[in-house]
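Subject: Handover of a structure and the findings from it

Dear colleague,

Please find below the sequence and structure that I am handing over to you. My findings follow directly after them.

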Amino acid sequence: MAPRTPGADLPDHPDRLWRAADPERSYDVVIVGGGGHGLATAYYLAVNHGITDIAVLERGWLAGGNMARNTTIIRSNYLWDESAGLYEHALKLWEGLEEELDYPLLFSQRGVLNLAHSLQEVRDGVRRVGANRLNGIDAEWLDAEQAAEACPILNTSPDLRYPVLGGTWQPRAGIAKHDHVAWGLARALDLLGVDLVQGCEVTGFERAGDRVVGVQTTRGPIRAGRVALAAAGHTSVLADTLGLRLPLQSHPLQALVSELLEPVHPTVVMSNAVHVYVSQAHKGELVLGAGIDSYNSYGRRGAFPTIERELAAAVELFPVFARAHAVRTWAGVVDVTPDASAIMGRTPFEGLYINCGWGTGGFKATPGVGWCYAHTIAKDEPHPLTEPFGLERFTTGALIDEHGAAGVAH
Amino acid sequence: MMLIPCPWCGPRNEVEFHYGGQADVACPRDPDAVSDAEWARFLFFRANPMGAFTERWMHRAGCRRWFTVRRDTVTHEIRPVGAEQERAVTV
């Protein structure tokens with residue numbers, strides 16, 4: 001028998017989860033940015049508000065920006081009432097999302113441990129646990145011994161340069177598979193008739209006076225009843241075309257993974273003081289993140305010393321990691337605000353809405369953002385949970401300072 | 001990784017520097033005379049361009065002096081600004 005051509009017996013391409021749409025000339029709602037937030041917003045516009053004449057415009061490929069680059073941590077243990085309300089709403093939605101989308105998201109509530117290494121961090125952590133409980137969020141204070149029980153590979157020896165003095169513990173927190181979240185949402189949106197347009201970069205806006213009535217794109221102009229930004233690190237570039245200055249600074253945020261390893265790390269551990277956060281993906285990679293690189297950049301790359309510091313901290317906290325290898329590092333462009341909280345709501349332009357400033361922590365909020373942002377767009381008024389996150393707060397002074405709970409130094 | 005040209009010490013590794021953000025941000029001369037919006041603008045709003053950006057750096061592990069460069073926020077290429085502006089003290 002003649003030898004078969006290599007590859008001849010491969011199966012056909014599997015069915016696609018969504019069709020690659022070409023842009024129509026006009027939509028009720030145009031969402032700029034096909035990441036997690038853009039997709040979730042389109043989903044809840046359709047499901048909660050019956051709006052399906054929507055295009056999600058993505059300049060690259062679907063969910064290829066920060067949705068592909070985050071470290072997939074989900075938690076709601078933020079300090080202030082405003083944040084607690086929004087993140088806990090998101091966490092409750094996460095708890096039902098696999099069933100709702102009928103798609104496996106590998107959502108795993110394996111708990112998050114936020115470590116304290118100084119007396120001040122202990123005080124802040126205990127205070128945050130109290131604040132969380134008053135807001136109905138599961139939270140406990142663990143001493144060093146209990147922390148070691150939650151995560152046996154954690155080094156709680158007093159000999160560390162910055163010993164573990166304890167930590168906050170949120171059992172319902174965890175991780176989900178970021179790609180699956182995007183694919184599950186995209187599949188649902190396709191079934192709902194929403195157009196997901198990839199390779200379509202928004203370059204400016206169509207205006208009628210102070211009203212935004214459409215967008216200019218690399219695939220031609222598109223009219224829109226309402227335009228909603230969900231463009232993360234590139235929001236300022238879009239807003240600049242309208243002369244709209246936002247309190248955002250775009251920075252590189254780096255992350256990395258190890259090779260595939262046997263399960264060794266049962267939970268998620270974060271440390272603000274020595275600056276590393278780490279979990280182990282279902283497939284087996286250790287997933288590690290660090291702080292932002294200090295300077296403004298849209299370059300999607302950071303400096304090696306940031307990774308070096310992060311790995312030094314990781315190896316000190318988890319001596320077993322010394323035998324692992326960093327096989328891949330990358331960076332995303334994150335839009336950081338002065339108070340480490342997001343900006344959501346209306347803008348000075350009628351018909352234009354913003355959702356930005358999620359900085360280093362937007363993934364966990366994905367369904368909550370979608371829910372509230374869809375409400376804001378559909379009703380032209382802020383959702384009660386996101387009303388405190390409006391742009392006005394930088395003028396009124398009602399900031400929502402989450403530098404302590406944000407987990408990543410800005 | 002960037003090699004940043006300190007006007008006093010020469011080109012040095014970026015880890016020696018502290019970042020100061022946008023250059024030439026002037027503090028209102030009389031804070032009591034400005035509106036809340038103007039004060040917010042001074043406190044919280046900075047340019048965030050994709051491309052050329054005039055910004056401040058401090059040579060923390062060297063001469064500890066501040067200076068100004070013009071850097072591309074996509075390529076990270078640094079171009080010196082005029083000597084006067086480079087060494088100017090931001091008010």
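Helices here are DSSP runs of type H or I with at least four residues, and strands are DSSP runs of type E with at least two, numbered from the N terminus. By that rule, chain B has two helices and six strands. Please bear in mind throughout that the model is predicted.

Chain B

The elements of chain B follow the order β-β-β-α-β-β-β-α along the sequence. Its C-alpha atoms fill a box of roughly 40 × 30 × 25 Å along the principal axes. Chain B has 91 residues, of which 40% count as buried. Where contacts in chain B join residues at least 6 apart in sequence, 50% of them link residues at least 24 apart.

One residue of this chain that I examined is Glu38(B), which belongs to helix H1 (residues 36–44) of chain B. Is Glu38(B) buried or exposed? Its relative accessible area is 45%, and buried requires under 20% while exposed requires over 50%, so Glu38(B) is classed as partly exposed. Between Glu38(B) and Arg60(B) there are 31 Å in space, C-alpha to C-alpha, and the two are 22 residues apart in sequence.

The second largest pocket

Arg60(B) also appears in the lining of the second largest pocket. This pocket has a volume of about 820 Å³. Its lining consists of 34 residues, and those nearest the centre are Ile292(A), Asp293(A), Ser294(A), Arg309(A) and Arg60(B). Which elements each supply at least two residues of this lining? They are strand S12 (249–260), strand S15 (285–292) and helix H7 (304–317) of chain A, together with strand S3 (18–22) of chain B. H7(A) gives the largest share, with seven residues. Divided by class, the lining of this pocket holds 15 nonpolar, eleven polar and eight charged residues.

Helix packing in chain A

Helix H2 (residues 81–101) of chain A packs against helix H8 (residues 366–379) of chain A at an angle of about 110°, and their axes are 7 Å apart. Angles from 65 to 115 degrees count as roughly perpendicular, so H2(A) and H8(A) are placed in that class. On the H2(A) side, the contact is made by Leu86(A), His89(A), Ala90(A), Leu93(A), Trp94(A) and Leu97(A). H8(A) brings Thr366(A), Pro367(A), Gly368(A), Trp371(A) and Cys372(A) to the contact. This contact of H2(A) with H8(A) has eight nonpolar, three polar and no charged residues.

Thr366(A), in helix H8 of chain A, is buried, with a relative accessible area of 2%. Apart from its neighbours within four places in sequence, Thr366(A) is in contact with Gly36(A), His37(A), Ala40(A) and Trp94(A).

H2(A) also meets helix H1 (residues 36–49) of chain A, the axes coming within 14 Å and crossing at roughly 75°. H1(A) is therefore roughly perpendicular to H2(A). Tyr43(A), Tyr44(A) and Val47(A) of H1(A) make this contact with Leu93(A), Leu97(A), Glu100(A) and Leu101(A) of H2(A). By class, the contact of H1(A) with H2(A) has six nonpolar residues, no polar residues and one charged residue.

Cavities

How many cavities of 30 Å³ or more are there? The count comes to two. The largest cavity has a volume of about 100 Å³. It is lined by 15 residues, and Tyr87(A), Ala340(A), Trp358(A), Thr360(A) and Gly361(A) are the closest to its centre. The lining of the largest cavity has seven nonpolar, seven polar and one charged residues.

The second largest cavity encloses about 30 Å³. Its lining is made up of Ser236(A), Asp240(A), Leu244(A), Arg245(A), Leu246(A) and Leu248(A), with Arg46(B) and Asn48(B). Of these residues, three are nonpolar, two polar and three charged.

Two residues with positive phi

Ala340(A), named above for the largest cavity, is not a glycine, yet its phi is positive, at about 60°. Ala340(A) lies in the loop between strand S16 (326–336) and strand S17 (343–346) of chain A, and counts as buried at 11% relative accessibility. His275(A), likewise a residue other than glycine, has a positive phi near 70°. The loop between strand S13 (268–271) and strand S14 (276–280) of chain A contains His275(A), which is buried with a relative accessible area of 16%.

Yours sincerely

Methods:
Residues are numbered from 1 along each chain as its sequence is written. Chains are lettered from A and ligands numbered from 1 in the order in which they are written. This is a predicted model: local features need pLDDT of at least 70, side-chain atom pairs count only at pLDDT 80 or more; totals for chains, interfaces and linings use all residues. Side-chain values use heavy atoms; hydrogens and water are left out. On a 1 Å grid over the protein atoms alone, a cavity is a set of points where a 1.4 Å probe fits but cannot get out, and a pocket is an open set with protein on both sides within 12 Å along at least five of seven lines; lining residues have an atom within 4 Å of a point. Grid points are joined across faces, edges and corners, and a volume is the space filled by probe spheres set on the points. Ala, Val, Leu, Ile, Met, Phe, Trp, Tyr, Cys and Pro count as nonpolar, Asp, Glu, Lys and Arg as charged, and the others, Gly among them, as polar. Axes are lines fitted to C-alpha atoms, for helices over the stretch in contact, and angles run from 0 to 180 degrees between N-to-C directions. Angles under 35 degrees count as roughly parallel, over 145 as roughly antiparallel, 65 to 115 as roughly perpendicular and the rest as oblique. Contact means heavy atoms within 4.5 Å. Buried means under 20% relative accessible area, exposed over 50%, partly exposed in between (1.4 Å probe, protein chains only).
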